[in-house]
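Me: I'd like a close look at a single part of this chain, picked by you. Please walk me through it slowly, and then place it in the rest of the molecule.

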Amino acid sequence: MLGARFDRTCPFYRLADVYIGETTCDGKKKAYEILGTDVPLHVMDLPQMKRDKDLLKWADEIKELIKIVEETTGNKVTAEALAENIKKINAKRAALQRLYSLRWKENVPISGTDVLLISTA
C-alpha cells in the first residue's frame, strides 16, 4: 500500500480526496497514519465483536462516514443512489470475471497486458 503510494505506481493514490481506512490491524493503522500526512484521512473503528453495543457503534461509524463522503464529494448519499451504484459495480465485476475467464482458454484471445489495462481503467 505505502510502496504503491510513494513509488507512484498506482495513480489512484494521487487522485484521492480522502483516504478511508479501518482498524483491523496495527500495521494498517500505522500505514494510514503515514498516508494521512498527504491527504485527509478517516479511519473507521471496526468493532472486534458482534454484540448489540458493537453493532450500534458500527452504525455510528457508518453515519460518520456518510457525512464525510457527502462533504468531500458534494453528493447526497441515499439508499437509492447506493443501490444503483451497487448494481453498476456488480455489473462491472461480472464483466471483468467474464474477461478473466477468457485467459483460461487454450487459445487465449486476449493478452495479460490487455486484461491489466482494461481492469485498471
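Reply: Before we zoom in, one cut-off is needed: a residue counts as buried under 20% relative accessible area, as exposed over 50%, and as partly exposed in between. Keep in mind too that this is a predicted model.

The part I've picked is the loop between β2 and α4, and the residue to start from is Leu 46, which is found there. How accessible is Leu 46? Its relative accessibility is 26%, so Leu 46 counts as partly exposed. As for company, leave aside the neighbours within four places in sequence, and Leu 46 is in contact with Glu 22, Thr 23, Thr 24 and Trp 58. A contact here is a pair of heavy atoms within 4.5 Å. To see how far this loop residue is from another stretch of the chain, take Tyr 100: Leu 46 and Tyr 100 are 54 residues apart in sequence, and their C-alpha atoms are 32 Å apart in space.

Now to Asp 45, which lies in that loop too. What does its side chain meet? The side chains of Asp 45 and Lys 57 come together in a salt bridge, at 4.0 Å from N to O. Asp 45 sits in the loop between β2 (41-44) and α4 (52-73) while Lys 57 is in helix α4, so the bridge ties together parts that are 12 residues apart in sequence. The relative accessible area of Asp 45 is 35%, so Asp 45 is partly exposed. Lys 57 is partly exposed as well, with a relative accessible area of 35%. There is a third member to add: Asp 45, Lys 57 and Glu 61 are linked in a network of salt bridges.

Another charged pair to look at is Asp 54 with Arg 51. They form a salt bridge in which the closest N and O atoms are 2.7 Å apart. Is Asp 54 buried or exposed? At 11% relative accessibility it falls under the 20% cut-off, so Asp 54 counts as buried. Its partner Arg 51, at 36%, counts as partly exposed.

If you follow helix α4 along, you get to Lys 67, which lies in that helix. Lys 67 has 53% relative accessibility, which is over the 50% cut-off, so it counts as exposed. The C-alpha atoms of Lys 67 and Val 77 are separated by 8.6 Å, with their positions 10 residues apart along the chain.

For a salt bridge inside one helix, go to α3 (residues 26-35), where Glu 33 and Lys 30 both lie, three residues apart, about one turn of the helix. Their side chains meet at 3.0 Å, N to O. Glu 33 is partly exposed at 48% relative accessibility, and Lys 30 is partly exposed at 46%. By the rule used here, the count comes to eight salt bridges. Behind that count are 20 positive and 18 negative side chains, and the centres of the two sets lie 4 Å apart.

Next, the rest of the molecule. The chain has six helices and two strands, and along the sequence they follow the pattern α-α-β-α-β-α-α-α. For a view from further along, try Thr 113, which is placed in helix α6 (residues 112-119). Thr 113 counts as exposed, at 52% relative accessibility. Its C-alpha atom is 35 Å from that of Met 44, and the two residues are 69 apart along the chain.

As for overall shape, the C-alpha trace spans about 55 × 35 × 35 Å along its principal axes. The radius of gyration is 18 Å, whereas a compact globule of 121 residues would be near 14 Å. Buried residues make up 17% of the 121. Of the contacts between residues at least 6 apart in sequence, 21% join residues at least 24 apart. The accessible surface comes to about 9,200 Å², and 58% of that belongs to carbon and sulfur atoms.

Back at the loop, then, the picture to keep is of Leu 46 in contact with residues including Thr 23 and Trp 58, and of Asp 45 in a salt-bridge network with Lys 57 and Glu 61.

Conventions:
Residues numbered from 1 in each chain as written. Predicted model: local features only at pLDDT ≥ 70, side-chain atom pairs only at ≥ 80, totals over all residues. Heavy atoms only, no water. Helix = DSSP H or I, 4+ residues; strand = E, 2+ residues; numbered from the N terminus. Rg over C-alpha atoms; globule rule 2.2 N^0.38 Å. Buried < 20%, exposed > 50% of the residue type's maximum accessible area, 1.4 Å probe, protein only. Areas by Shrake-Rupley, 256 points an atom, 1.4 Å probe, with all protein chains shown as cover. Lys, Arg positive; Asp, Glu negative; His and termini not counted. Charge placed at Lys NZ, Arg CZ, Asp CG, Glu CD.
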